[in-house]
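Me: I would like to learn how to read the features of a model such as this one, going through them one at a time. Please give me the general idea each time and then the case at hand.

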Amino acid sequence: MTHTRLLIIGSGPAGYTAAVYAGRANLSPVLVEGMQPGGQLTTTTEVENFPGFPSGIDANELMENMRAQAERFGCTMIADVVAETDFSQQPYTVTLSDGTRLTADSIIIATGASAKYLGLDDEKKYMGQGVSACATCDGFFYRKKVVAVVGGGDTACEEAIYLAGLAQKVYLIVRKPFLRASQIMRDRVAANEKIEVLFETNTVGLFGQDGVEGAHVVWRKGMPDEKRYDIAINGFFLAIGHHPNSQAFAPWIRTDEAGFIVTEAGRTQTNLPGIFAAGDVADPFYRQAVVAAGSGAKAAIEAEKYLTTR
Ligand code: NDP
């Protein structure tokens, strides 16, 4: 059993920024990095909208820099995931997947969010054999092939544009008659000759012998002029949003219906004293690295105040 004053759970922009602030405040934080050190940004390529990098920065480099900055101020990194929590009494207890038990006076939850799937059986069947939720991780396998991206938001547009740089053709499958993405992304999609947008279209199944060879799609599902047809594709990429990684804290920490951790208005304070939430796990709206970093800073400042005044 190891005791720490401040435990940070999660290694995205929120977790690492919290670690930098807490380290500089001499709290000697311990940070559990989770399954994907660096968080969701490590599944993208270039980050163009993080202030301070006028020409953009490679996403992995940005996260490695944040990690190094946290270590510089004395943060201890643990490469493991949280398996169980017991917040029924203080100090709070967290058990890692290797059985290590940590106790902490204060905790910052910064576990981020994970990709959503449509819920088709075929997604499971072809997982890793043509189905992916990360174009930048897996796009390389689809050079000169035909792929589909599902979704109409900024992520879907970004992924479609990225894949268009590798693949022969990209279908963007959008269930509404419009893209909800920002204007700049809509313009980029429209200008890309390799992207064909299938509006008002839903995917109902996938097919293929040893991997994805096509998708069954429906145009204007449920309408009198509904049309069902197949498209030939080798890769099927989901970009339909994310769900917050709050399950490990569910019995103790209050969330909304979608699982986002509820904090006090304008603060990172959760329903339990000394436990704070930062980044996408508590953010159903912005989902931006810079916003997550900002909330990580807020959480560390609130944690310091809590630890020095309790
Ligand atoms: P969004 O929630 O914005 O978009 C999700 C998309 O998936 C929507 O088009 C939605 O359709 C569609 N969708 C959801 N469920 C289904 C389903 N079951 N079947 C078919 N389609 C479905 O998520 P994003 O990940 O794109 O973006 C989240 C936030 O992050 C946004 O605020 C976005 O602006 C931001 N972001 C910003 C970026 C940047 O600035 N560089 C890059 C990436 C994201 P519908 O419209 O019908 O609901």
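Reply: Let us begin with the naming of elements: helices (H or I, at least four residues) and strands (E, at least two) are DSSP runs, numbered from the N terminus. With that in place, Pro91 can be located in the loop between β6 (82-86) and β7 (92-96), and the peptide bond leading from Gln90 to Pro91 is cis, with omega near -5°. Residues are numbered from 1 along each chain as its sequence is written. This is a predicted model, in which local features need pLDDT of at least 70 and side-chain atom pairs count only at pLDDT 80 or more, while totals for chains, interfaces and linings use all residues, and side-chain values use heavy atoms, with hydrogens and water left out.

Me: How should I read strand pairing, and in what order do the five strands of the open sheet run?

Reply: Two strands pair if DSSP finds at least two bridges between them. Here five strands form an open sheet in the order β10-β17-β11-β12-β13, with parallel pairing, and its edge strands are β10 (131-132) and β13, each of which pairs on one side only. Strand β11 (residues 146-150) is joined in the parallel sense to strand β17 (residues 235-238) over four bridges, and Val147 has Gly235 as its bridge partner in β17. Five bridges join β11 to β12, again running parallel, and Val149 stands opposite Leu172 of β12.

Me: Which residues of β11 point one way and which the other, and are they buried or exposed?

Reply: Buried means under 20% relative accessible area, exposed over 50%, and partly exposed in between (1.4 Å probe, protein chains only). Val146, Ala148 and Val150 point one way from β11, whereas Val147 and Val149 point the other way, and all are buried; the strand is thus described as mostly covered, with five of its five residues buried. In strand β13 one can look at Ile195, which is buried because its relative accessible area is 9%.

Me: How many salt bridges does a search of the whole structure find, and how is one recognised?

Reply: A salt bridge is a side-chain nitrogen of Lys or Arg within 4 Å of a carboxyl oxygen of Asp or Glu. The search of the whole structure finds eleven of them. In one of these, the side chains of Glu71 and Arg67 meet at 3.4 Å, N to O; the two residues are separated by about one helical turn because they are four residues apart in helix α2 (residues 59-72). Glu71 is partly exposed at a relative accessible area of 40%, as is Arg67 at 26%, and Glu33, Arg67 and Glu71 are linked in a network of salt bridges.

Me: Which salt bridge links distant parts of the chain?

Reply: Arg310 forms a salt bridge with Asp105, the closest N and O atoms being 3.4 Å apart. Arg310 lies in the segment after α7 (289-309) and Asp105 in strand β8 (residues 101-109), 205 residues apart. The accessibilities of the partners can be read beside this: Arg310 is exposed at 57%, whereas Asp105 is buried at 13%.

Me: What ties Glu196 to Lys169?

Reply: Their side chains meet in a salt bridge at 2.6 Å, N to O. Glu196 lies in strand β13 (residues 195-198) and Lys169 in strand β12, so the pair ties together parts that are 27 residues apart in sequence. Glu196 is partly exposed at 33%, and Lys169 is likewise partly exposed at 23% relative accessibility.

Me: Where do residues other than glycine have a positive phi?

Reply: Lys144 is one of them, with phi near 65°; it lies in the loop between α4 (135-138) and β11, and Lys144 counts as exposed because its relative accessibility is 69%. Arg287 is another, with phi near 50°, and Arg287 is found in the loop between β19 (275-277) and α7, where it is partly exposed at a relative accessible area of 30%.
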